[in-house]
Amino acid sequence: MEFGTLPLAVETKRKLAGFFETGQLPHALLLEGGTAAVRQQLAEILSAGAVCRREGDAFPCGVCPGCIKAKAGSHPDISVSGGGAGPALRVDEIRRIRRDASVKPNEAEHKVYLLLEAQDMTEQAQNALLKILEEPPSGVIFLLTVPSASLLLPTIRSRVQLFRLEEEAEEVEEEILDLTATMAGAVTLPGESALLYAAAPLIRDKEKLRKVLNLLVLLFRDGCVLRAGGSVCLSGLPECARELSQKLTRERLLRLLEAAKKAQKELEGNANAALMVTCLCARMRSAAGR
């Protein structure tokens, strides 16, 4: 199996490739760590391998009808939900997947369900998914992607095989750490002026804004992990993450994470910085219930 330049440990590559070589594919895999784009890319490679008709020496071969349709996003036995690439991961979507999974594959030997950024599932949706993970239909494969497995219910984690991607760390300047911590601390304050004042330096410096948004995503992710009982912090701001986890619920922390991710996308789209920063502050305060 070809993984290209994906940041995977040699042992992880060996195990994943072994599933396809032996034909013994797990019914559920959880891909953790790395960036959302890398997690999705790995999930797409694995889903293509599951529907590949193998005209070459490796899965996916890249040239059979199954691989061609998988690459085009049109294979009838591959379903994508969540992560902005498909229907939101709400309980109704999970129930639809459960109904669909009982139907035999259209063309391939397997039906594959990609649940991107599965941490966005509500507890109700996760419990609905648990029912089919406990008794999966034959030939059905679930591929879940998450920044951290700690963001999922323990019952979900116990029924999937976990594979971790290596983190791509970026050295962060002290100024960015301080600014991010100040903004995060201001989110829980009663007034809005503190957050707007803290974010003001970002309006005229898009590179600084990019770095702060990247760190906010990690920080809110850390808060979710700590809230769920985990301990791994990636932001380099463990005290700030701990304070957020103590003051805010998991749902509010996930909303903050989504607000930061949305701002990242807006920045990539070359949005007006002043308007974007103002909207970010408003969304963060709303997400925190302020």
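Glu117 counts as buried, at 6% relative accessibility, because the cut-off for burial is under 20%. This is a predicted model, and Glu117 makes a handy way into it. The residue sits in the loop between strand S3 (111-116) and helix H5 (123-134). Its phi is positive, about 55°, although Glu117 is not a glycine.

**The same loop, a second residue**

Gln119 also lies in the loop between S3 and H5. Which residues does Gln119 touch, beyond those up to four places away in sequence? The list is Thr145, Val146, Pro147, Leu151, Leu152, Arg250, Leu254 and Lys261. Gln119 is buried, with a relative accessible area of 0%.

**The chain as a whole**

Now step back. The chain has 12 helices and 5 strands. Its radius of gyration is 20 Å, close to the 19 Å that the globule rule gives for 290 residues, so the chain is as compact as a globular protein of that length. Along the principal axes, the C-alpha atoms fill a box of roughly 60 × 35 × 30 Å.

Of the 290 residues, 48% are buried. The accessible surface comes to about 14,000 Å². Carbon and sulfur atoms hold 50% of that surface. Contacts reach far along the sequence: among those with a separation of 6 or more, 71% join residues 24 or more positions apart. The chain carries 37 positive and 37 negative charges, and their mean positions are 6 Å apart.

**The cores**

In soluble globular proteins, nonpolar side chains tend to be buried together. Here the largest nonpolar core has 43 residues. Those with the most contacts inside this core are Met183, Leu202, Leu213, Leu216, Phe220, Leu256 and Met284. Which elements give two or more residues to this core? They are helix H7 (174-187), helix H8 (193-199), helix H9 (206-227), helix H10 (238-247), helix H11 (250-268) and helix H12 (273-287). H9 gives the most, with 11 residues.

Phe220 shows how this core is knit. Leaving aside neighbours within four places in sequence, Phe220 is in contact with Leu244, Leu253, Leu256, Leu257, Ala260 and Met284. Apart from this core lies another, of 29 residues. Leu8, Leu16, Leu29 and Ala43 are among its members.

**Two helix residues**

Val277 lies in helix H12. Leaving aside neighbours within four places, Val277 is in contact with Ala199, Leu202, Ile203 and Leu209. At 3% relative accessibility, Val277 counts as buried. Its C-alpha atom is 29 Å from that of Thr145, a residue 132 places away along the chain.

Glu93 is found in helix H4 (residues 91-101). Is Glu93 buried or exposed? Glu93 is buried, because its relative accessible area of 9% falls under 20%. Its contacts, again leaving aside neighbours within four places in sequence, are Ser81, Pro87 and Ala88. The C-alpha atoms of Glu93 and Thr249 are separated by 24 Å, with their places 156 residues apart along the chain.

**Burial side by side**

The table sets out the four residues discussed for their burial.

| Residue | Relative accessible area |
|---|---|
| Glu117 | 6% |
| Gln119 | 0% |
| Val277 | 3% |
| Glu93 | 9% |

Notes: Residues numbered from 1 in each chain as written. Predicted model: local features only at pLDDT ≥ 70, side-chain atom pairs only at ≥ 80, totals over all residues. Heavy atoms only, no water. Helix = DSSP H or I, 4+ residues; strand = E, 2+ residues; numbered from the N terminus. Rg over C-alpha atoms; globule rule 2.2 N^0.38 Å. Buried < 20%, exposed > 50% of the residue type's maximum accessible area, 1.4 Å probe, protein only. Contact = heavy atoms within 4.5 Å. Areas by Shrake-Rupley, 256 points an atom, 1.4 Å probe, with all protein chains shown as cover. Lys, Arg positive; Asp, Glu negative; His and termini not counted. Charge placed at Lys NZ, Arg CZ, Asp CG, Glu CD. Core = buried A, V, L, I, M, F, W, Y, C linked by side-chain atoms within 4.5 Å.
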